[in-house]
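Here are my notes, written to be read with the model open beside you. I go from the ligand outwards.

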Amino acid sequence: MRGLPKANDLCWCGSGQKFKRCHKASSDPVRPGRVTPLRPVPDEIAKPMWADGSEVARWDEPAVKSADIIERMRRTGREAADLLTYLGTLIKPGVTTEEIDAACHERAIAVGAYPSPLGYPGGRNPFPKSLCTSVNEVICHGIPDDRQLKDGDIVNCDVTLFREGVHGDTNATFFVGSIDELSDRLVRVTRECTRKGIEAARPGNLINDIGRAIQRHAESNGFGVVRDFVGHGIGEQFHTDLQICHYYHPGLDIPIEEGMTFTIEPMITVGSYRAHMWSDHWTAVTADRGRTAQFEHTVLITADGAEILTTPTDPTLHPYWTLA
Ligand code: MF3
Ligand code: CO
Ligand code: CO
């Protein structure tokens, strides 16, 4: 399907209901807002190479990490998770995504970390903010701006920190005020998809078992799995060349080995999984403007499973652990 169906058209989901009574997206789509200038990062914070406008140098980072790197990733991962948990406490109607960005930027620096998205190359211009905020039909890479969160919105905050020479990448979708039933189910199922993906991430399995588990759960609930954005190897580099598809991809018949670190970050949609890009070359929205949600963790493969490196100090305050 291209574009948005009319209110009285039959819904694309096959329910036989009118679109307006079924999967209709929010009555006012998210639109680009005003973006403030780049925030500086003090000299004493150690920075990734893109902080000064350099290209991202890519190298062949081993997928299996040393004990030393793992220790550093544990600390950076927990710091990212604590920051994400804190940002969740700020979310309420009337707050702008710009204010969430300011809080993220300030707290990252306060704990001696660089907010990895800031200045990250891609699109046409480097990413201009310190985290991604993706509202309603925005799949990922939303740029914080002056849009106020509204009662009934869902917003994903994606935090990545760089500290001790390694990255920790994690996100969660938060409710703003009270939520319609479909959005509520979407967010819960997305969180379950992430959990099932993490459960499939263990030695003896293949990388494509992760996507298989996620896709099965999403589709059995009538939801779609985004193809255009995937999880990734992570460590000294933000994104290594290891790709973690969230759908079954036969080519990813790569054994999962103890010591690997990567992200699992399924983006799940109520309707079409197809993505469109805004003209800012960052913001990805669903082609049908239906809502979408995401949860992300950085995981370490252990002898018998996956350790979530982005576990906060107090998980009882974090939706991944508290959503029923
Ligand atoms: N955190 C995102 C991920 O999960 C990447 C954001 S890159 C940015 O991979 F430049 F958009 F911030
Ligand atoms: Co990621
Ligand atoms: Co992320």
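1. Start with H232: an N or O atom in its side chain sits 3.0 Å from an oxygen atom of ligand 1. Keep in mind throughout that this is a predicted model.

2. H239 makes a similar kind of approach, with a polar side-chain atom 2.8 Å from an oxygen atom of ligand 1. For T160, look at a nitrogen atom of the ligand instead: a polar side-chain atom of T160 lies 3.4 Å from that nitrogen. As for how much of the ligand is hidden, the protein covers 96% of the 340 Å² of accessible area that ligand 1 has on its own.

3. Which residues should you display around the ligand? There are 14 surrounding ligand 1, and the closest are P117, D158, H232, H239 and E265.

4. Next, have a look at V230, which lies in the loop between β6 (224–225) and β7 (231–232). Leaving aside residues up to four places away in sequence, V230 touches Q243, I244, C245, H246, E265 and M267. If you want a long-range reference, V230 and K18 are 33 Å apart, C-alpha to C-alpha, and 212 residues apart in sequence.

5. Now for the helices. The axes of α1 (residues 67–90) and α2 (residues 97–110) come within 10 Å of each other and cross at roughly 145 degrees. The crossing of α1 and α2 is right-handed.

6. What does each helix bring to that contact? From α1 come L83, Y86, L87 and L90, and they meet I100, A103, C104, R107 and A108 of α2. Sorted by class, the contact of α1 with α2 has 8 nonpolar residues, 1 charged and no polar ones.

Definitions and conventions: Residues numbered from 1 in each chain as written. Chains lettered and ligands numbered in written order. Predicted model: local features only at pLDDT ≥ 70, side-chain atom pairs only at ≥ 80, totals over all residues. Heavy atoms only, no water. Axes fitted to C-alpha atoms, helices over the stretch in contact; angles between N-to-C directions. Helix = DSSP H or I, 4+ residues; strand = E, 2+ residues; numbered from the N terminus. Left-handed = near helix turned anticlockwise from the far one by under 90°. Contact = heavy atoms within 4.5 Å. Nonpolar A, V, L, I, M, F, W, Y, C, P; charged D, E, K, R; others polar. Near = heavy atom within 4 Å. Polar contact = N/O pair within 3.5 Å; in protein donor to acceptor, adjacent residues only side chain to side chain. Areas by Shrake-Rupley, 256 points an atom, 1.4 Å probe, with all protein chains shown as cover.
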